Amino acid sequence: MRAFLGALALVLGLGVALFGLRGAFTLLPLEEAPCRPAPLPQRAELYANGAVEIPLCRKAQVVFLLQGTPAGGHGPWAMVVEGRRVLWQGEVLGVREVRVRTSGRGMLALAFPNDLYQPPEDRNLFLLGLKVEPP
């Protein structure tokens, strides 16, 4: 009987510990950073994975002029995001114009997640120009 109670206590203890671990490793959503207006970048060079913040903070149509250099048979993958929303994503080969509409409810960013450097090839993303138009 004593062995049974000991085993039951062990099983209950392990169950409580595992339940606690599940809660400890559950990701909580991050709060969006507030958008603070600032000068807008007109050009940017992304030679490695990264992002360019565009502190627009208002409704608008934004036109990106992008250029990509391929490596490994693929061009750079670019993403335009506003807060947690992806407004556009796609491969950029050569020069490409991208138009998005913003809501003004989050920081706008141009992200480059798939850098590759295999000499003599080097995958890079360039922001050649940025134009803001009325929505």
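## Pairing around strand β9

In β9, Phe126 is the bridge partner of Glu45. This bridge belongs to the antiparallel pairing of β1 with β9, which comprises 3 bridges. The model discussed here is predicted.

Strand β9 also pairs with β3 (residues 59-69), in the antiparallel sense and over 9 bridges. Within that pairing, Thr69 stands opposite Asn124 of β9. A further antiparallel pairing, over 3 bridges, joins β9 to β8 (residues 116-118). Here Gln118 has Glu121 of β9 as its bridge partner. Strands of a sheet pair through backbone hydrogen bonds, in either a parallel or an antiparallel arrangement.

## The β8-β9 hairpin and its cis peptide bond

Strands β8 and β9 form a hairpin, and 2 residues lie between them. Pro120 is located in the loop that joins β8 and β9. The peptide bond from Pro119 to Pro120 is cis, with an omega value near 10°.

## An aromatic pair involving β9

The structure contains 1 aromatic pair. The ring centres of Tyr47 and Phe126 are 5.6 Å apart and the ring planes meet at 80°; because planes over 60 degrees apart count as edge-to-face, the pair falls in that class. The two residues belong to distant parts of the chain, 79 residues apart: Tyr47 is in the loop between β1 (44-46) and β2 (50-54), whereas Phe126 is in strand β9 (residues 121-133).

The two partners differ in their burial class. Phe126 has a relative accessible area of 15%, and is therefore buried, since the limit for that class is under 20%. Tyr47, at 49% relative accessibility, counts as partly exposed, because the exposed class requires a value over 50%.

## Overall composition

The protein has 1 helix and 9 strands. Read from the N terminus, the helix precedes the strands, in the order α-β-β-β-β-β-β-β-β-β. Of the contacts with a separation of 6 or more, 70% join residues 24 or more positions apart.

Of the 135 residues in the protein, 32% are buried. The exposed surface of the protein amounts to about 9000 Å², of which carbon and sulfur atoms supply 62%.

## The four-stranded open sheet

An open sheet of 4 strands is arranged in the order β2-β7-β4-β5, with antiparallel pairing. Strands β2 and β5 (85-91) occupy the edges; each has a single partner strand, so one side of each lacks a neighbour in the sheet. From one strand to the next, the twist averages 15°.

The antiparallel pairing between β4 (residues 77-82) and β5 extends over 6 bridges. Within it, Trp77 has Glu91 of β5 as its bridge partner. In a regular strand, side chains alternate between the two faces of the sheet.

## The largest nonpolar core

The largest nonpolar core has 21 residues, among which Phe64, Leu66, Trp88, Leu110 and Leu125 touch the most other members. The elements contributing two or more residues to this core are β1, β2, β3, β4, β6 (94-103), β7 (108-112) and β9. Strand β3 provides the largest share, with 4 residues. In soluble globular proteins, nonpolar side chains tend to be buried together.

Which residues does Trp88 touch, when those up to four places away in sequence are not counted? The contacts of Trp88 are Leu66, Ala78, Met79, Val80, Arg96, Val98 and Val100. Of these contacts, Leu66 is also named among the core residues that touch the most other members.

## Cys57 and Arg36

Cys57 is situated in the loop between β2 and β3. Although Cys57 is not a glycine, its phi is positive, at about 65°. With 22% relative accessibility, Cys57 counts as partly exposed, because buried residues are those under 20%.

Arg36 lies in the loop between α1 (2-24) and β1, and is exposed, with a relative accessible area of 57%. Arg36 and Cys57 are separated by 21 residues in sequence and by 6.7 Å in space, C-alpha to C-alpha. When residues up to four places away in sequence are set aside, Arg36 touches Pro55 and Cys57.

Key. Residues are numbered from 1 along each chain as its sequence is written. Side-chain values use heavy atoms; hydrogens and water are left out. Buried means under 20% relative accessible area, exposed over 50%, partly exposed in between (1.4 Å probe, protein chains only). Contact means heavy atoms within 4.5 Å. Accessible areas come from the Shrake-Rupley method with a 1.4 Å probe; for residues, only the protein chains shown count as cover. Rings of Phe, Tyr and Trp (its six-membered ring) pair if their centres lie within 6.5 Å; planes under 30 degrees apart count as stacked, over 60 as edge-to-face and the rest as tilted. Two strands pair if DSSP finds at least two bridges between them. Axes are lines fitted to C-alpha atoms, for helices over the stretch in contact, and angles run from 0 to 180 degrees between N-to-C directions. A nonpolar core is a set of buried Ala, Val, Leu, Ile, Met, Phe, Trp, Tyr and Cys residues joined through side-chain atoms within 4.5 Å.
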